[in-house]
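Got the viewer open? Let's take a short walk through this one, selecting one thing at a time.

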Amino acid sequence: MRVGLLVTCLVDLMRPGIGFAALRLLESAGCEVVVPNGQTCCGQPAFNAGDRKAARALAEKLLGEFEACEYLVAPSGSCAGMIRTHYPGLFADDERMRGRVQALSSRSYELTDFLVTVLGVSEVPGDFRGSVTYHDSCSGLRELGVKTQPRSLLARMPGVELREMEECEACCGFGGMFSVKFSEISGAISARKCANIQATGADAVVLGDLGCMLNIEGRLRRLGDERTRVLHVAEVLAGEDA
Amino acid sequence: MKSQAMFFKARAGEKLADARLQVNLRQARDKFVDGRAAAVGRYVTDLGGDFEALRDAGAAIRDRVISDLDVWLDSFETKAVETGAQVYYARDGADIRDMVVAIARRHGVAKVVKSKSMLSEEAALNAALEAAGVQPVETDLGEYIQQIDDNEPPSHILAPAFHKSRDQVADLFARTHGRPRKTDIPDMTREAREVLREHFLSADMGISGGNFIVAETGSVALVTNEGNGRMVTTLPRVHVVITGIEKVVPTLEDLTTLLRLLPRSGTGQDISNYVSLLTGVRREGESDGPDHLYFILVDNGRAGLVGSEFQPMLRCIRCGACMNHCPVYQSVGGHAYGWVYPGPMGAVLTSLYTGIENALDLPHASTLCNQCGVVCPVRIPLPDLLRGLREQQVERHLRPWSERLAMRTWAWVARQPRLYALVSRVANRYLRWLADGDERIRVMGVAPEWTLTRDMPAPQGPTFRELYARRMRKNKEEN
Ligand code: SF4
């Protein structure tokens, strides 16, 4: 099975280990993984800034790079959500393109969703030991229905103890450009998220979107929490030496 | 009401710093969010209902009306006139003010009692009535508190004064009523009721909103919790209903569907304390009801939305669920939004009804988390509408040029893979240089607002692209 890995622009820039972890998970599940070389960004920042034209141009570019793959997989609910739920609407006025886009959209998955729903994975290579709490990122949860998938994979790991936090489905306050346009409001929202995380006493908060990760980790550290680790679910599932 | 929406950011800052408001906001959130969840749960477990199917049905009813609005308004008007009412159409706030003042003059009205009407807020009606020598008295407890507090605007569409603490209200009552200060809530409500009773009995005219108007019967439906709505609409000689043209529903059957959705979504009640269905003027032999009944059905920008990408907004039944569940509203409260309607629905309505150029911050003051969209009883895709407004701002050149330039440059670079690889590598090195061996960056030169409230974790190492290329080379060498 030929799977195209969309690394995502933030993973590329900030935390390459997540990309390699995704690679390892897919390969150990028996996929042939390709990482299209020209990939950059799915266009979500432009889309959410109201720049449809730019978003569409980037969507066309991504389509060219991934169309040949059987599946597109991204270690990010918001990028996968962009492709799956918003790409088709960008081509509402272009029937030919819309057909192509829809064909790719319907084959695009968030990583844990792909592992569980498409591959039916029951074993993961990771050997993480400790307590974790899971933050449901907005796009993954509300655009793609990613909820039980990461939890069911974590449950396969004997060393992992999952402690659910209060309001695990509430937004962390990131919101892309929102986090810099309204930094103080964003900070207030993430303070509550951090408090909920800390109240579980878990060693790590685990999640599936790099935007939320940067926000939550940055806020925890600013609030003086040096203890709680912030991990991408792929890192936990794949193990350290990914 | 004059919009202050352009000052969203400054006001939001004040609200975040207001400790008392923050406590009240937290209580309200817990009450409304948990309340809705429990009410939806009861609907499923106790009644065996399917709340998601109910939301579908609610949305379908609203869509059916809106796509044939003129037809349904016509049949409503015919029925209402048959029952002795008069139906007026107001184009905007000025029309509302003129019509209400004219009605008051026609019937020699000196005092008006009001139950909640958001349209009267849109029109800033109270000031117009006062100028015309008519005394308006708000009788919804929350609205009354706002009125006696120097006409402060409401901060929530259901609970106008919930940003105030009990102590603040106690002071306000003591000052306004000239009676000993009370702090026990039942005592305070009793006092308000006594004061208001006098007004009910001496008023010549009642003004109410209308949650729905029913085409089948020509009736208005009022959903309230305090019972003041009943007094306002039955005691005075004249009753004026002011509501939006989009509030019409075809049949009583449709009304029941929407009534299942509204209180559960908004206040978390299975049903509100009062649901009043008022039809026509008082007839021979009836003991209650007005002698004159007027409907003022208001456009104020609504008709223009039909057929546009924003049409779904007209489904709104003003339940308040979207704001109750919104992380931004939960943080700053309603006043920051600057006009009549706060929260996600307010960000959309304020932009559409007062002009996109007069509310530039509002569509951006959202994380697009879609918590609003998943609780909206009529499935309004609020994040899509907010994004649509952002698009309009871009198309109409209303965004700052620096922002546009940055976005365009970034989008252009993102289309040139080789250049992009170089730029991301440079950015990566720059961030690592800023971190200077630490795991985090405390102050960033680019997007400094980020580090206003949080650190920026440092990049883990080189970019994925570089590392992956290295790995591929190594694999090749090994083979
Ligand atoms: S937009 Fe939806 S959730 Fe918000 S007030 Fe209107 S009906 Fe309620």
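Start by selecting A:D51 and B:R404: they form a salt bridge, with the closest N and O atoms 3.3 Å apart. Keep in mind as you zoom in that this is a predicted model.

Now widen the view to the whole boundary between the two chains. The rule finds seven salt bridges across the interface of chain B and chain A. Polar contacts turn up there too, with 30 residue pairs across that interface, both partners at pLDDT 80 or more.

Next, select helix 19 of chain B, residues 417-435. This helix supplies six residues, the largest share of the side of chain B that touches chain A. Colour that side of chain B by residue class and you should get 30 nonpolar, 13 polar and 20 charged residues.

How many residues does each chain bring to the contact? Chain B puts in 63 residues and chain A puts in 61. Together the two chains bury about 5,400 Å², and carbon and sulfur atoms give 61% of that area.

Time for the ligand. Select the 13 residues that surround it; the closest are B:C316, B:C319, B:G320, B:C322 and B:C376. Sorted by class, this shell holds 11 nonpolar residues, one polar and one charged.

Last stop, chain A. An unreviewed UniProt entry places "domain: Cysteine-rich" at residues 4-84 and 132-216 of this chain. Select residues 4-84 of chain A: the span is 58% helix and 11% strand, and its end C-alpha atoms lie 15 Å apart. Then pick residues 132-216 of chain A, where you'll find 52% helix and 12% strand, with the end C-alpha atoms 15 Å apart.

Methods
Residues are numbered from 1 along each chain as its sequence is written. Chains are lettered from A and ligands numbered from 1 in the order in which they are written. This is a predicted model: local features need pLDDT of at least 70, side-chain atom pairs count only at pLDDT 80 or more; totals for chains, interfaces and linings use all residues. Side-chain values use heavy atoms; hydrogens and water are left out. Contact means heavy atoms within 4.5 Å. Buried area is the accessible area (1.4 Å probe) that two parts lose on being put together, summed over both. A salt bridge is a side-chain nitrogen of Lys or Arg within 4 Å of a carboxyl oxygen of Asp or Glu. A polar contact is a pair of N or O atoms within 3.5 Å; within protein, one must be able to donate a hydrogen and the other to accept it, and residues adjacent in sequence count only if both atoms are side-chain atoms. Helices (H or I, at least four residues) and strands (E, at least two) are DSSP runs, numbered from the N terminus. Ala, Val, Leu, Ile, Met, Phe, Trp, Tyr, Cys and Pro count as nonpolar, Asp, Glu, Lys and Arg as charged, and the others, Gly among them, as polar. A residue is near a molecule or strand if one of its heavy atoms lies within 4 Å of it. UniProt positions are given in the numbering used here, feature names are shortened, and annotations may be inferred rather than shown by experiment.
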